[in-house]
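Here are some notes to read alongside the structure, for someone opening it for the first time. Keep the view open and turn it as you go.

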Amino acid sequence: MDTTFLLLLENPLIKRRLAKKRRFWTHNINRSRERFGEFFHLYKSLQEDSERFYRYFRMNESTFSYILKKVERRIQKQNTNFRKAISPIEKLVITLRYVLY
């Protein structure tokens, strides 16, 4: 073998890159989000009951829709070949739950 190549292999940075474990683009837990996630089960039932919606988000549906319209374009991401983007409505629901509790 070429000595230059062997010296490169001895470099700690290159060793670390070669030995680096592959990471997932989307974690397995997030792949099943649409089947088991809280948003996909809970949000539809909250829309049907305005009182529960108000208790959950501490605002009525019209206020929620207003906020969503204002921020939707800014928080929208594109789907890629590797993963599906989180929808603006789901991001807003998660943010409100985090901020409110």
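The points below go from the overall fold to single residues.

1. Start with the basics. This is a predicted model, so take what follows as a reading of a prediction. The protein has 8 helices and 0 strands, and along the sequence the pattern reads α-α-α-α-α-α-α-α. Of the 101 residues, 20% are buried. If you look at contacts between residues at least 6 apart in sequence, 44% of them join residues at least 24 apart.

2. Next, look at helix 5 against helix 6. Two packed helices are described by the angle between their axes and the distance between the axes. Here the axes of helix 5 and helix 6 come within 5 Å and cross at roughly 130°. An angle like that makes helix 5 oblique to helix 6. On the helix 5 side, the contact is made by E38, L42, Y43, S45, L46, Q47 and E48. Helix 6 brings S50, R52, F53, Y56 and F57 to that contact.

3. Now turn on the side chains and look for rings. How many aromatic pairs are there? The count comes to 9. One of them joins Y43 and F57, with 6.4 Å from centre to centre and 65° between the planes, an edge-to-face arrangement. Y43 belongs to helix 5 (residues 38-48) and F57 to helix 6 (residues 50-57), so this pair links distant parts of the chain, 14 residues apart. Both Y43 and F57 are buried.

4. A second pair worth finding is F53 with F64. Their ring centres are 5.6 Å apart and the planes stand at 90°, so this pair is edge-to-face. F53 sits in helix 6 and F64 in helix 7 (residues 61-75), so the pair ties together parts that lie 11 residues apart in sequence. F53 is buried, and F64 is buried too.

5. Zoom out a little and the rings join up. Ring pairs link F39, F40, Y43, F53, Y56, F57 and F64 into a cluster. There is also a charge to look at beside Y56: the charged end of R97 sits over the ring of Y56, 3.8 Å from its centre.

6. Y43 deserves a point of its own. This residue is found in helix 5. Is Y43 buried or exposed? Its relative accessibility is 10%, and with the cut-off for burial at 20%, Y43 counts as buried. Leaving out residues up to four places away in sequence, Y43 touches E38, F53, F57, F64, I89 and V93. Measuring along the chain, Y43 and F53 are 10 residues apart, while their C-alpha atoms are 8.4 Å apart in space.

7. Move on to helix 8 (residues 88-100). At 1.5 Å a residue, its 13 residues should span 18 Å, and the end C-alpha atoms are indeed 18 Å apart, which agrees. The buried residues in helix 8 are P88, E90, L92, V93 and L96. What covers them includes helix 4 (33-36), helix 5, helix 6 and helix 7.

8. One name in that list may catch your eye: E90, in helix 8. How buried is a charged-letter residue like this one is a fair thing to check, and E90 has a relative accessible area of 4%, so it is buried. Which residues does E90 contact, leaving aside its neighbours within four places in sequence? They are R33, F39 and F40. Two of these names, F39 and F40, also appear in the ring cluster.

9. For contrast, find R74 in helix 7. R74 is exposed, with a relative accessible area of 76%. Between R74 and P88 there are 14 places in sequence, and 8.8 Å in space from C-alpha to C-alpha.

10. Last, a backbone detail. Where is R58? R58 lies in the loop between helix 6 and helix 7. Its phi is near 60°, a positive value in a residue other than glycine. At 48% relative accessibility, R58 counts as partly exposed.

Terms used:
Residues numbered from 1 in each chain as written. Predicted model: local features only at pLDDT ≥ 70, side-chain atom pairs only at ≥ 80, totals over all residues. Heavy atoms only, no water. Phe/Tyr/Trp six-rings, centres within 6.5 Å; stacked < 30°, edge-to-face > 60°. Helix = DSSP H or I, 4+ residues; strand = E, 2+ residues; numbered from the N terminus. Buried < 20%, exposed > 50% of the residue type's maximum accessible area, 1.4 Å probe, protein only. Lys NZ or Arg CZ within 6 Å of the ring centre and 35° of its normal. Expected span 1.5 Å × (residues − 1). Contact = heavy atoms within 4.5 Å. Axes fitted to C-alpha atoms, helices over the stretch in contact; angles between N-to-C directions. Parallel < 35°, antiparallel > 145°, perpendicular 65-115°, else oblique.
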